[in-house]
Amino acid sequence: MHELITEYVRDTAVFFNSLILYYAIGISSSYLILALISALAMRSYKKKNSFIDYRSILSSPLAPSVSLIAPAYNESLTIVDNVRSLLTLHYNNCEVIIVNDGSKDNSMQLLIEAYELEKIEDFPLQSRIATKPIRGVYKAKNPAFHKLVVVDKENGGKADALNVGINVSQNKLIACIDVDCVLEPDSLLKLVKPFMEEERKVIATGGVIRIANSCEVEDGRLIKVHVPKSFIARVQVLEYFRAFLMGRMAWAHMDGLLLISGAFGMFDKETVIRAGGYNHDTVGEDMELLVRMRRHMYEERIPCKVAFIPDPLCWTEAPQTWKVLKRQRNRWTRGTAETLLLHRKMILNAKYGFLGLVSLPAWVLFEWLAPLIEFFGVLFFLCLVALGYANWPYFFSFLALVYTFAIMNSVFAILFEERSYQQYKRPRHMLHLVVTALLEPLLYHPVTTWAAVKGNYDLLTGKKSWGEMTRAGFAQKKV
Amino acid sequence: MQTLQADLAFWVDTATMPRLVKVNFMIAALFLGIALLLFLFIVLSRYRDGVRLRKYKWMEEKAQAYITSYLFDEEENVESPEDFRRKYLTNSFRRQVFMQNLILLHKNLLGETSDKLSQLYQRLGLLQHSKQKLYASKWNTIAEGIGELTEMGVQQEKGLIRSFINHPHPILRSEAQAALVRLDIDAPFSFLNDLAEPLTDWEQLQLARAAQKAHLIKLPDFSRWLTKQEESIVIFSIRMIVQYAQHQAEPALLRLLHHPSPNLRKEVFLALRQLETFAAAEQLMALYPNETPENKAEILKTLPVITFEETFTAFQRGIQQAENEGLAATRVALQAAEPA
């Protein structure tokens, strides 16, 4: 009997080990392939970009009109400065729509006073997407702020606020941003360009989001870039390098991009409306919208493209405490899973081309399931240890393999940053990042994996909340 | 104690180590090695960039000093361009730095000073350097050459530049088209007749900008391209008609109101609005019922600009009435279709 059990455990262990091994080989190879594709795409982009003068868009009457939509909820500490910063972005043909999502603080009053707003009774509002009621639309009396439109509405969440912004928008393109992000002055010019240069219809464009922690910010403008002092934020710098410079660049090049960050992205308004606008019932509304837009275009048989540009366009504050980080990752996991489940029909469906056959399955396997597989792998190993079946030499050899791969991948990401936009100019910045890469797999990765597992558990139990994102804010010069 | 010794022996003695474990450690060592190499590469590339930047600055200083002296000092006190070329412009990096500075200055100057810079460009052999680029195999080198020749106003190579207007690479294509607008003074947009590729919005914007920069004396009548098959060329011509307020093109624009493409018709509505073409009002009102929703909206934006207020109000009332009747008819039809 004992022998039978031993044999059974051994067989299971061998099966599980092989599964994990093949999975690890798969995920590592996918990272390497993406990195190589991204390197080629980046090289081509930089070569092309050396001929581009973005000022030509700025002064041209042929430039498309853009509505910048920024939802705001209880942002009274920074809203006046943030709006001022948005109004100074370099783009002539644009309007800035601030949607006050039923803030409980005095955000609305501050805006009215700072920008001399007055209520417009006969604003030409098109209610093409259903939303919570609007209390009023305001415009500035002062012609200096003629680009500004402020909408006051009942609270309905970020997705609802963005949908209101879309209804209010008078322009062809919409750029959705988080009001507390710091945008580069040329960011709109750069995001608009793909919409103009492609023969195929471009439905969305995204750019690189950077971490603003410890950077110097003045009047809503980024003055000086520093590597974050906090270890947690520093690791996220590496994560963002990997995700944006090595991942999304490659996916966009293969026309398989599924996510444009909610922090800053530009969309073709008509396609957004036809797809139904932002979904209120998910915490991952940014990913869900893009997947739905692409699905809509496939189903309508309209060839389209989602573009991605590697320029650093938007700086955001990353979580600096474990608690907030875990909350954020929990939400990201739920958002990803919800989107994938909502659009499960597309997965492995040839009707949706590369998206259905490659992008979505890759997201399921390597984004959604990765932390779960890792977690169950650890649990299984602990069981083997408890039963006395652990094979330590194998364990340490695989640990070494995974650890060194993670370091290599991160150093590769730093190289990408160095050869592309080199925002961290001082040598010690680079050294800090390399040291962080050595510590990340040991200290940071287990926490985010656990948060993702918890996110899946919360999804099963039906948790829908966003979880509060506490931010230090950009009010002082140094964040 | 014996077990511990056995364990230690396992880690030290590679002969007894299982094959997979050995392979794993070897691959891990490889990953670590690659990571170290990448790190070394980063350090070296930073050093190389630093050296390159210093060289660039050195040459930039030399270039600026020489150009200033060439422009403003007495001729006998200035080193001859031939001597300067022999001494300093010894490799393509230095030539390129000099060229960039020269072009930057040329962009911002007019008249005699600008002509003097063009002379300097020729005497330093930089013209030849730019021309050679047109024969390169890489698209970006050719585009660079076109850009330099255009900025320096060199017209001799127009023919060769024209051969790139249908090049498969969009940037090169765009550079060549914009160059012709600036260099082909007598017929700046004649290349539109030979275009085989559609004009993207980006290319159109570049052409419009090139036309602005060129301060064209002989503007073509853009209505001549309104009958082209390629829709993007027609759209571009409509936009140019608006930009240069070519009111003589209005009859040709009115003929386009019946074009099969809704996108193109939308562009015509916009043009009629911007040109304030009163003659179009009747036709727009007649077209309204059969237009796409997007174009209907465009007509409703255009009519108040090109017709009298009372005419527009009556037209709006008519639309409202027709829509109400349509809704009522639909309701009746639905009720009739319902099973009893």
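Here are some worked exercises on a predicted model with chains A and B.

## Exercise 1: A salt bridge between chains

**Task.** Find where Asp53(A) and Arg209(B) lie, and work out what their salt bridge joins.

**Solution.**
- Step 1. Start with the pair itself: the side chains of Asp53(A) and Arg209(B) form a salt bridge, with N and O 3.2 Å apart.
- Step 2. Now place both partners. Asp53(A) sits in the loop between helix 1 (2–49) and helix 2 (55–58) of chain A, while Arg209(B) belongs to helix 10 (residues 201–214) of chain B, so the pair joins two chains.
- Step 3. Check how covered each partner is. Asp53(A) counts as partly exposed because its relative accessibility is 24%. Arg209(B) has a relative accessible area of 17%, so this residue is buried.
- Step 4. For context, 45 salt bridges are found over all chains. Glu199(A), Arg173(B), Glu197(B) and Glu203(B) are linked in a salt-bridge network.

## Exercise 2: Salt bridges within a chain

**Task.** Work out which parts of chain A are tied together by Glu440(A) and Arg242(A), then do likewise for Lys266(B) and Glu294(B) in chain B.

**Solution.**
- Step 1. Recall the principle: side chains of opposite charge can pair when their charged atoms come close.
- Step 2. In chain A, the closest N and O atoms of the salt bridge between Glu440(A) and Arg242(A) are 2.7 Å apart. Glu440(A) is in helix 13 of chain A and Arg242(A) is in helix 7 of chain A, so the pair ties together parts 198 residues apart in sequence.
- Step 3. Look at the cover on the acid: Glu440(A) is buried, because its relative accessibility is 7%.
- Step 4. Turn to chain B, where the side chains of Lys266(B) and Glu294(B) meet in a salt bridge of 2.9 Å, N to O. This pair links distant parts of the chain, with Lys266(B) in helix 13 (residues 262–275) of chain B and Glu294(B) in helix 15 (residues 293–306) of chain B, 28 residues apart.
- Step 5. Compare each value with the cut-offs: partly exposed lies between the 20% limit for buried and the 50% limit for exposed. Lys266(B), at 23% relative accessibility, counts as partly exposed. Glu294(B) is partly exposed too, with a relative accessible area of 41%.

## Exercise 3: Positive phi values

**Task.** Describe the settings of Ser214(A) and Asp255(A), and say what stands out about the phi of Ser214(A) and of Asp255(A).

**Solution.**
- Step 1. Here is the background: most residues other than glycine have a negative phi.
- Step 2. Ser214(A) has a positive phi, near 70°. This serine lies in the loop between strand 8 (201–211) and strand 9 (216–218) of chain A. Ser214(A) is buried because its relative accessible area is 8%.
- Step 3. Asp255(A) also has a positive phi, near 60°. Its place is the loop between helix 7 (231–253) and strand 11 (264–268) of chain A. With a relative accessible area of 17%, Asp255(A) is buried.

## Exercise 4: Around His129(B)

**Task.** Is His129(B) buried or exposed, and which residues does His129(B) touch?

**Solution.**
- Step 1. Locate the residue: His129(B) is part of helix 6 (residues 126–133) of chain B.
- Step 2. Its relative accessibility is 12%, so His129(B) counts as buried.
- Step 3. Leaving out residues up to four places away in sequence, His129(B) touches Ser92(B), Arg95(B), Gln96(B) and Met99(B).
- Step 4. Look again at Arg95(B): its side chain and that of His129(B) are joined by a polar contact of 3.4 Å.

## Exercise 5: Annotations and a surface patch

**Task.** Set the UniProt transmembrane annotations of chain A and chain B beside the model, then find the residues of a nonpolar surface patch.

**Solution.**
- Step 1. For chain A, an unreviewed UniProt entry lists "transmembrane region" at residues 20–42, 354–387 and 393–416. Residues 354–387 are 100% helix, with end C-alpha atoms 45 Å apart. Residues 393–416 are 100% helix, with end C-alpha atoms 35 Å apart.
- Step 2. For chain B, UniProt (unreviewed entry) gives this feature at residues 25–47. The span is 100% helix, and its end C-alpha atoms lie 33 Å apart.
- Step 3. The patch, about 410 Å², is made by Val435(A), Leu438(A), Leu439(A), Leu442(A) and Leu443(A). Val435(A) falls in helix 13 (residues 427–460) of chain A. This valine counts as partly exposed because its relative accessibility is 43%.

Notes. Residues numbered from 1 in each chain as written. Chains lettered and ligands numbered in written order. Predicted model: local features only at pLDDT ≥ 70, side-chain atom pairs only at ≥ 80, totals over all residues. Heavy atoms only, no water. Patch = residues over 30% accessible without salt bridge, like charges linked within 9 Å, V, L, I, M, F, W, Y side chains within 5 Å. Areas by Shrake-Rupley, 256 points an atom, 1.4 Å probe, with all protein chains shown as cover. Salt bridge = Lys/Arg side-chain N within 4 Å of Asp/Glu carboxyl O. Helix = DSSP H or I, 4+ residues; strand = E, 2+ residues; numbered from the N terminus. Buried < 20%, exposed > 50% of the residue type's maximum accessible area, 1.4 Å probe, protein only. Polar contact = N/O pair within 3.5 Å; in protein donor to acceptor, adjacent residues only side chain to side chain. Contact = heavy atoms within 4.5 Å. UniProt positions renumbered as here; feature names shortened; annotations may be inferred.
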